[in-house]
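Here is a set of exercises to work through with the model open beside you. Try each task before you read its solution.

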Amino acid sequence: MLTALDKKLLEEVADLHGQPPGAYNIRKDGEGIQRRSLEGIEIKTKADQPGIDVIVAAGKEGSVHIPVILTETDLSDLVFNTIDIGEGADIKLVAGCGIHNPGSKNAQHDGVHEIIVRRGARLHYSEKHFGEGEGGGKRVLNPKTVIVIEEDAYAELELIQIRGVDETSRVTEVEVKAGGRLVMFERLLTDGRQTADSDVAVKLMGEQSTARIISRSVAQGHSRQVFTPRLMAYGPGRGHVECDSIIMDHAAVRSVPEIWAENSEAELVHEAAIGKIAGEQLIKLMSLGLTEEEAEEAIISGFLK
Amino acid sequence: MFTLEDISLIIEESDQEIMILHNINLQLEAGKMYALTGPNGSGKSSLARVAMGIYKPTGGQVFLNGEDITSLGITERARRGIGYAFQQPPRFKGMQVKDMLEYAFKYSDGVNCQVLRQIGLCPEDYLERALDSSLSGGEMKRIEIATMLAQNPKVRIFDEPEAGIDLWSFEQLINVIGESHRDNATTMVISHQEKILNMVDEIILMEGGTVSMRGDRDTIWPQIKESARCSCRRSCQMEEEIYADCPR
Ligand SMILES: Nc1ncnc2c1ncn2[C@@H]1O[C@H](COP(=O)(O)OP(=O)(O)OP(=O)(O)O)[C@@H](O)[C@H]1O
Ligand SMILES: [Mg+2]
């Protein structure tokens, strides 16, 4: 049975209202509590370690929800999931983690996702983080996502964390083979004394492999953010990294993009910018009748959309 | 009635004081259209920004229908019905055209997304576009004008609406500004375009931070043209003097 709190968390991280469509596996406080496999999408518990295997048959279209929720304090949850998307399949995969920490001790989730997107398959992956709780205990999330995009396959990743998580250290590793394409959007907002660290490494391995990384963040209060996106081309691939941060109050942002090519046909570009909200933007919105706070809010929410 | 009384604006830059505006007195009536023209750097946009509350004047007062609004900020002035279409509208990462139009509608009795059609942009193509560097300069300007139409304020100041607008859309732009002007609205168009100056009731000429001429279009326009010729002759003469010693 899902409680009202569970439902709220699931809504926040996986946009779930009631039962998920398609296949799903819901993990709560360290245990799988609900699951549904479908023909062509098999979900099973790993034998040797905590976590699941999701196996999608070739050519299958559909969605898989595998959200994780934590509702207790003094909890450290570690999970390994393996997701195998068969050749030519077209899958929407919704991960994400919601923490409600009611107490004064930490609630922590460390999740490792290994994903293989086989030849010609398409994956839309979204991972949203959400944290809340009245206790002083920290909400900690350390996801690691390792993806292989095979020949002519396509993966779109959407990684979102808007407030609520006190500490996060994210690692994303992607290998893109010939003709494979990766698009990655990262959206992050931190405030208070939160810290966020995002380390991304993308390897372009073959001909016509492409990657676009678009990272947007807002740092408020005394929060700190570090971005280390690295794009490496071992073949004639093309890649673009864009890191854009709005810095406010007493926050700190460090952005260290790196591009690295080992092939003379490779084309890699990086852009990084950190700055406050432009005065002209505020003035424009205020001249439409918005207050300064409303204007700020509008600019931030547009920026993180 | 929108009144600017004895407005001056001094901006401090490093340890210098720069006089941007001085001794400006203007009464703009409801129902009338005005053109504000003058050389680059004469202070037109600065005056518009003082009217909108973006710049606080160093001296003088601003009245809207008799109420002293000098101390009011941008937001309050907008809510009282003052609108300003920027000369260079800012770009926003992520924000969409429809968001901007919605904000404009929020505090107004504005019409609807027809405003995009009015300025020749197909809403289906543009509503979801981001207001970022992917839009061309002319598109940004048109959206800025559409935003003003959506806001539909009582006092509307367009800052060089024709800048960057293509030949084909120019007529349409003039029509739209003319048609959107209401009986109880005050429209002021900052412009260098004769066609725009031709459609207004009155022309105000600014030079060197102050109003140097003002009046009925038919009386003023010939005089402005004449003075423009003079200044050209003057500057050519000056050039000749400067270059007099140069080997040709
Ligand atoms: N914030 C500022 N700091 C310094 N100087 C300024 C500032 N704003 C305006 N100025 C100066 O004031 C003068 C008037 O500028 P303004 O933008 O009002 O001119 P304008 O008449 O609108 O010109 P244009 O026809 O080129 O648009 C210019 O010399 C400009 O450099
Ligand atoms: Mg100007």
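Throughout, helices (H or I, at least four residues) and strands (E, at least two) are DSSP runs, numbered from the N terminus. This is a predicted model, in which local features need pLDDT of at least 70 and side-chain atom pairs count only at pLDDT 80 or more, while totals for chains, interfaces and linings use all residues. Residues are numbered from 1 along each chain as its sequence is written, chains are lettered from A and ligands numbered from 1 in the order in which they are written, and side-chain values use heavy atoms, with hydrogens and water left out.

**Exercise 1. Locate A:Arg163 and describe its backbone and its exposure.**

Step 1: A:Arg163 sits in the loop of chain A between β13 (154-162) and β14 (167-176).

Step 2: Its phi is positive, about 55°, although A:Arg163 is not a glycine.

Step 3: For exposure, use these classes: buried means under 20% relative accessible area, exposed over 50%, and partly exposed in between (1.4 Å probe, protein chains only). With a relative accessible area of 32%, A:Arg163 is partly exposed.

**Exercise 2. Describe B:Asn23 in the same terms.**

Step 1: Look in strand β2 (residues 16-28) of chain B, where B:Asn23 is found.

Step 2: B:Asn23 is not a glycine, yet it has a positive phi of about 55°.

Step 3: The relative accessibility of B:Asn23 is 48%, so it counts as partly exposed.

**Exercise 3. Which residues coordinate the magnesium ion (ligand 2), and which parts of chain B does the pair tie together?**

Step 1: Donors are N, O and S atoms within 2.8 Å of the metal (3.2 Å for Na, K and Ca); water is not among the atoms, so sites may look incomplete.

Step 2: The coordinating atoms are OG of B:Ser45 and OE1 of B:Gln87, at 2.0 to 2.1 Å.

Step 3: B:Ser45 belongs to helix α1 (residues 44-52) of chain B, and B:Gln87 to the loop between β6 (82-85) and α3 (97-106) of chain B, so the pair ties together parts that are 42 residues apart in sequence.

Step 4: B:Gln87 is partly exposed, at a relative accessible area of 32%.

**Exercise 4. Describe the surroundings of ligand 1.**

Step 1: Count a residue as near if one of its heavy atoms lies within 4 Å of the molecule or strand in question. By this count 15 residues surround ligand 1, and the closest are B:Gly41, B:Lys44, B:Ser45, B:Ser46 and B:Gln87.

Step 2: Sort the shell by residue type. Ala, Val, Leu, Ile, Met, Phe, Trp, Tyr, Cys and Pro count as nonpolar, Asp, Glu, Lys and Arg as charged, and the others, Gly among them, as polar. The shell around ligand 1 then divides into 4 nonpolar, 8 polar and 3 charged residues.

Step 3: Check oxygen atoms of ligand 1 against side-chain N or O atoms. The distance is 2.9 Å for B:Asn40, 2.8 Å for B:Ser45 and 3.4 Å for B:Glu160.

Step 4: Taken alone, ligand 1 exposes 640 Å², and the protein buries 66% of that; accessible areas come from the Shrake-Rupley method with a 1.4 Å probe, and for residues only the protein chains shown count as cover.

Step 5: Two elements of chain B, β1 (2-13) and α1, give two or more residues to the shell around ligand 1. The largest share, 3 residues, comes from α1(B).

**Exercise 5. Is α1(B) largely enclosed or open?**

Step 1: Of the 9 residues of α1(B), 8 are buried, so this helix is largely enclosed by the rest of the structure.

Step 2: Among the buried residues are B:Lys44, B:Ser46, B:Leu47 and B:Met52.

Step 3: Just after α1(B), B:Gly53 takes a positive phi of about 90°.

**Exercise 6. Where is A:Asn81, and which residues is it in contact with?**

Step 1: A:Asn81 lies in strand β7 (residues 75-85) of chain A.

Step 2: At a relative accessible area of 6%, A:Asn81 is buried.

Step 3: Contact means heavy atoms within 4.5 Å. Leaving aside neighbours within four places in sequence, A:Asn81 is in contact with A:Lys46, A:Gly51, A:Ile52, A:Ile66, A:Val112, A:His113 and A:Glu114.

Note on methods. Polar contact = N/O pair within 3.5 Å; in protein donor to acceptor, adjacent residues only side chain to side chain.
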